[in-house]
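Take a walk through this structure with me. Keep the view open as you read.

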Amino acid sequence: MAANIFSCCVPIRQYRQREQARRAATARSEAIDKELAGTRTDLKVLLLGSPGSGKSTFIKQLRSTCIDGDEFTNEEVERYRDIIYSNVIEGLKSLLDARSKLQIPWDDAANEEHAARVIDCDTSQLNPRTFATHVSSCKALWADNGIQEAYKRRDEFQLESCVGYFLDELDRIGNEDYHPYIQDILYAQQSTPGVAEYVSESRDLVRRFIDLGALLRYKKVFTHFEDVRAVLYFVSVDEFDQVLTAGTNDEGTGSTNWLMKECDALSLILKCRWFTGSQVFLILNKADLLEQKIKHVNLKDFFPQFDRDPRNIDQVKEFIFDLFEKRCDSRWGDAFCTYFITAVDQINMASVWSAMSDAIRPLPKGSPFVLY
Ligand SMILES: Nc1nc2c(ncn2[C@@H]2O[C@H](COP(=O)(O)OP(=O)(O)OP(=O)(O)O)[C@@H](O)[C@H]2O)c(=O)[nH]1
Ligand SMILES: [Mg+2]
């Protein structure tokens, strides 16, 4: 009996000792956390760039692939699903409009009826049930050679870069129980309406990524410019063939090519007094689309000074790289870096981020804030 009581008491004593040790360890860890919270470095990273240049896609990748490995919540996945439905219908509307304006004949004239259904669709009300009623029309239209021909000529009109990807995936997206893959979420297109912030926290570091979307023109955004550790300026490199219709750009410098306008914008950022102590990254995004485009659009037609092989992606990238680097004052030195990226590619982003994150670190203690 005594043995029984004794054998019962030992585990209880051990349990109490273990519990005390566990509580002490938790208290120690909380004390360290509290101490670190006081000394944690807060790094502000600003994302700038024209609409559609890939800022939100980059943040989605930081969140899901590069830094935090976060899963999107069910509510977010459902919201992206409805955005994807809208991307499909709006994309088809653009293709239908282009087919008509470019006077491309229907493959099957009976598809006019499907076209009318898609044109009448209210994209603000899409959900699995309402989208299901349009799936057969979408499939019939995407299979029509007239629409395919318009798609081939997409450089001649405005078409979101995600449209081809989603239309090719219609069998999957058209299922009523469709649940977007992460790759679909990366392609989902919706303009950021205001300032978006993504905060990534670790024990000793808080990184705040601030995406100013289309608000850069408004003076009130200058409040975000103070103490910026890094600026990421995004450019869609596949738009080298876009010509500005107004004759001069917003800065009044007279550049009429889209890439030259982006060079002007970058040079203004590099002169901006707010960023003299920041690391500046030029993100030349959509390298995948650039590679596709140079197969049928000649860079020489837009940049006569380009005297190398216009079908060679490395030579084209080198030329674009030089175009921007020449605008960069040599004083910036290591505080200015350029990367070609494909923001929708998870493998590419993981390696780009591992190189970039090394540069986005707190400045060593005691070093002056200004880098040059
Ligand atoms: N193919 C391809 N598509 C890309 C790439 N980067 C972004 N996109 C697509 O381009 C579209 C626009 O990207 P966003 O990230 O929304 O652009 P943004 O800069 O946030 O645009 P705003 O919010 O309007 O300022 C989305 O459909 C993206 O999936 C890329 O490297 N390759
Ligand atoms: Mg955005």
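Lys286 is buried, because 26 other C-beta atoms lie within 10 Å and 20 are enough to count as buried. The model is a predicted one. Lys286 sits in the loop between strand 5 (279-285) and helix 12. Beyond four places in sequence, Lys286 touches Gly54, Ser161, Ser236, Val237, Asp238 and Thr342.

Now go to Ala343. This residue lies in the loop between strand 6 (336-340) and helix 14 (346-359). Ala343 is buried too, with 25 C-beta neighbours inside 10 Å. Its contacts, leaving aside neighbours within four places in sequence, are Gly54, Thr57, Phe58, Gln61, Asn285 and Met349. Gly54 thus appears among the contacts of Lys286 and of Ala343.

What does the record say here? An unreviewed UniProt entry places a "binding site" feature at a set of residues that includes Lys286, Ala343, Asn285 and Gln189.

The UniProt annotation "binding site", again from an unreviewed entry, also covers Ser56 and Thr192. These two span 137 residues in sequence, yet their C-alpha atoms are no more than 7.5 Å apart, so they gather at one spot. Ser56 lies in helix 2. Ser56 counts as buried, with 21 C-beta neighbours inside 10 Å. Thr192 lies in the loop between helix 10 and strand 2 (196-201). Thr192 is partly exposed, with 16 other C-beta atoms within 10 Å. Leaving aside neighbours within four places in sequence, Ser56 touches Thr192 and Asp211, while Thr192 is in contact with Ser56, Asp211 and Gly213.

Turn to the ligand. Which residues are closest to ligand 1? They are Pro51, Ser56, Gln189, Ser191 and Thr192, out of 26 that surround the ligand. Helix 2 (55-66), helix 10 (182-187) and helix 12 (287-293) each give two or more residues to this shell. Helix 2 gives the most, with three. The shell divides into nine nonpolar, 13 polar and four charged residues. Domain 1 (41-70 + 194-359) and domain 2 (74-187) each supply at least three residues.

Last comes helix 6 (residues 135-143). Its buried residues are Cys138, Leu141 and Trp142. Seen down the helix axis, they fall within an arc of 95°, so they line one face of helix 6. An α-helix has 3.6 residues a turn, so residues three or four places apart point the same way. The cover over the buried residues of helix 6 includes helix 3 (74-101), helix 4 (111-120), helix 7 (145-152), helix 8 (163-168) and helix 9 (170-173).

Note on methods
Residues numbered from 1 in each chain as written. Chains lettered and ligands numbered in written order. Predicted model: local features only at pLDDT ≥ 70, side-chain atom pairs only at ≥ 80, totals over all residues. Near = placed C-beta within 6 Å. Helix = DSSP H or I, 4+ residues; strand = E, 2+ residues; numbered from the N terminus. Nonpolar A, V, L, I, M, F, W, Y, C, P; charged D, E, K, R; others polar. Domains from an automatic or database assignment. Buried ≥ 20, exposed ≤ 12 C-beta atoms within 10 Å, placed from the backbone. Arc of directions from axis to C-beta. Contact = placed C-beta atoms within 7 Å. UniProt positions renumbered as here; feature names shortened; annotations may be inferred.
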